Amino acid sequence: MWERIVEEAPRFFGYYNLIFLLKAMGVTFALSAGGCVVGLVLGFGVAVVRRADGAWLAPLRWLLTLLVEAFRRIPFLVTLMLVFFGFQVLNLDLSIFSVALVSVCLIATAFIAEIVRSGLDSVHHNQWDTAMAMNFSYLQTLRYVIVPQAWKVILPPVFSFFILFIKDTALASQIGVVELTYAGKVLNNRGFSAALVFGSILLLYFILSYPLARFGAWLEQRLAATRD
Amino acid sequence: MPQLVIEGLSASYGPIPVLEDVGLSLERGEVVSLIGPSGSGKSTLLRVLIGLLPPKAGTVWLDGERLDYRHGASLRRLRERMAIVFQQYNLFQNMTALQNVTIAPIKVQKRPRTEVEAEARALLAKVGLSDKLNAYPDQLSGGQQQRVAIARALALRPEILLLDEVTSALDPELVNEVLDSIRLLAAEGMTLFIVSHEMGFVREVSTRVAFMADGRVVELGEPAAIFDRPREVRTRDFIGKILRH
């Protein structure tokens, strides 16, 4: 096997293949980053609305709960197909990349909403009571009291989700998005050995996710250190 | 006119009634203490007054204004005039002692930061914590945390302070430092509504004492009357039990 890899390597790491791989890596990165950022923002919003009281919000809370519970349970691949065919039915002419991006955002939002919800719930209810008795509004309570304490609980599962998520974007290849896994398949089909191709793909996934994991660890440390 | 009037107040946790037809009034500058067995509704009464548990029935007047506990604006107004200190201190864990005291005056009452901080330092000095301004709650003893909580409530400039078993969670040697802070407030003429199991303290500091059992005020009177000449059998039983040892 080694001889074959050594023999193939110069051809494999040729200019056009490298460009092809880097572009695919860019797509994987864009899908992951898009999902993480949008998921974090919207997931936070969903959790905050679901935690709010106020009768007029009830229909919205109900709808959000339904969506969160649904998208956490539907397999990623099925979500991709749903969005793909959903857009077709609506006659919306979106690129397959957009379809994949919408799907990853939906999934990330659902999962992160649930992580944030459990994080907010982890703060002792007496902190809510006290803030309320001191006339804090709901959003002031969240901003000054609850979220600063919930971060420590929210961050580790969020980052572990992000890292799972980078790998899950590989499923977008199933609808034809040329991301890392798809690129690997293409190169493999062109005759390069699986070990060489997917070994390289593995390395590129690692390059994407390792800094994220380090960043998460750094953030956790920093937040934990504020109380020493 | 009394500062606070409570009439026919009832409340329940789910289907379980915890307050039934409670009536009581506090004059300005009075110190009224609630005593009674666990589960008699003392703490619940304070929670209802500050709007953490909506009442089922009854009315509360504050300076002649009828409070509406279902109405946000009314709740906000009453919380501008009443503050509560909890049994478990409930300091905001993510803030230093000083931040705990200043956050609501600055962010909620929108008062100028420099003025609020100066006042907070003075309040923390008053409860003997000048050297703990930048300590986080988990770096403070229970007694110190409770004194921060008292300073925090006072920083809101309340007219009435509700004290919910503020020494119950403290080690015995820490109780007095907190009681001293409260004595100081009583001497300054702040209206205090106290739930306490410290009978010696209650007797010393209160203008009147209410004995509660099963969600009702059973007997109300001056400390000497309640402790030495209780009229009701249940009061006599309770006083007898706690004063025996």
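Let me begin with a helix crossing in chain A: helix α2(A) passes α3(A) in a left-handed crossing. Please keep in mind throughout that the structure under discussion is a predicted model.

Helix α3 of chain A covers residues 58–73, and its axis lies 9 Å from that of α2(A), at a packing angle of about 135°. What is the orientation of α2(A) and α3(A) to each other? Angles over 145 degrees would count as roughly antiparallel, and this pair does not reach that value, so α2(A) and α3(A) are classed as oblique. On the α2(A) side, the contact is made by Val46(A), Val49(A) and Arg50(A). From α3(A) come Leu60(A), Arg61(A), Leu64(A), Thr65(A) and Val68(A). Sorted by class, this contact has 5 nonpolar residues, 1 polar residue and 2 charged residues.

Helix α2(A), which spans residues 15–51, also meets helix α7(A), residues 138–168. Here the axes come within 11 Å and cross at roughly 150°. That angle makes α2(A) roughly antiparallel to α7(A). The crossing of α2(A) past α7(A) is right-handed, whereas the crossing past α3(A) is left-handed. Which residues make the contact of α2(A) with α7(A)? Helix α2(A) supplies Thr28(A), Ser32(A), Gly35(A), Cys36(A) and Val48(A). Helix α7(A) supplies Leu142(A), Phe162(A), Phe165(A) and Ile166(A). These residues divide into 6 nonpolar and 3 polar, with no charged residue among them.

Let me now place these helices in the chain as a whole. Chain A has 9 helices and 0 strands. Its C-alpha atoms fill a box of roughly 75 × 50 × 25 Å along the principal axes. Of the 228 residues in chain A, 35% are buried. If we take the contacts between residues at least 6 apart in sequence, 78% of them join residues at least 24 apart.

One residue offers an example of two distant parts of the sequence meeting. Ile5(A) lies in helix α1, residues 2–12 of chain A. Its C-alpha atom is separated by 9.5 Å from that of Val197(A), although the two residues are 192 apart along the chain. Beyond its neighbours within four places in sequence, Ile5(A) is in contact with Ser193(A), Ala195(A) and Leu196(A). Why does Ile5(A) count as partly exposed? The reason is that Ile5(A) has 14 C-beta neighbours inside 10 Å, while a residue needs 20 or more to be buried and 12 or fewer to be exposed.

I turn next to chain B, and to its contact with chain A. Chain B brings 19 residues to this contact and chain A brings 15. On the chain B side, the elements that give two or more residues are α2(B), residues 72–81, and α3(B), residues 97–108. Of these, α3(B) gives the most, with 4 residues. By class, the chain B side has 10 nonpolar, 4 polar and 5 charged residues.

Within chain B, let us look at the strands. Strand β1(B), residues 4–13, and strand β2(B), residues 16–26, pair in the antiparallel sense over 7 bridges. Together they form a hairpin with 2 residues between them. Gly14(B), in the turn, has a positive phi of about 60°. Further along this pair, Val5(B) stands opposite Ser25(B) of β2(B).

Chain B also holds an open sheet of 6 strands, in the order β6-β7-β8-β3-β9-β10, with mixed pairing. Which strands form its edges? They are β6(B), residues 82–85, and β10(B), residues 216–221, each of which pairs on one side only. Neighbouring strands in the sheet are turned by 20° against each other on average, direction ignored.

At one of these edges, β10(B) pairs with strand β9(B), residues 208–213, in the antiparallel sense over 5 bridges. In this pairing Val209(B) stands opposite Gly221(B). Leaving aside neighbours within four places in sequence, Gly221(B) is in contact with Arg208(B), Val209(B) and Ile226(B). Is Gly221(B) buried or partly exposed? It counts as partly exposed because 16 C-beta neighbours lie inside 10 Å. Finally, Gly221(B) is 32 Å from Val148(B), C-alpha to C-alpha, with 73 residues separating them in sequence.

Methods:
Residues numbered from 1 in each chain as written. Chains lettered and ligands numbered in written order. Predicted model: local features only at pLDDT ≥ 70, side-chain atom pairs only at ≥ 80, totals over all residues. Pairing = 2+ DSSP bridges. Contact = placed C-beta atoms within 7 Å. Nonpolar A, V, L, I, M, F, W, Y, C, P; charged D, E, K, R; others polar. Axes fitted to C-alpha atoms, helices over the stretch in contact; angles between N-to-C directions. Parallel < 35°, antiparallel > 145°, perpendicular 65-115°, else oblique. Left-handed = near helix turned anticlockwise from the far one by under 90°.
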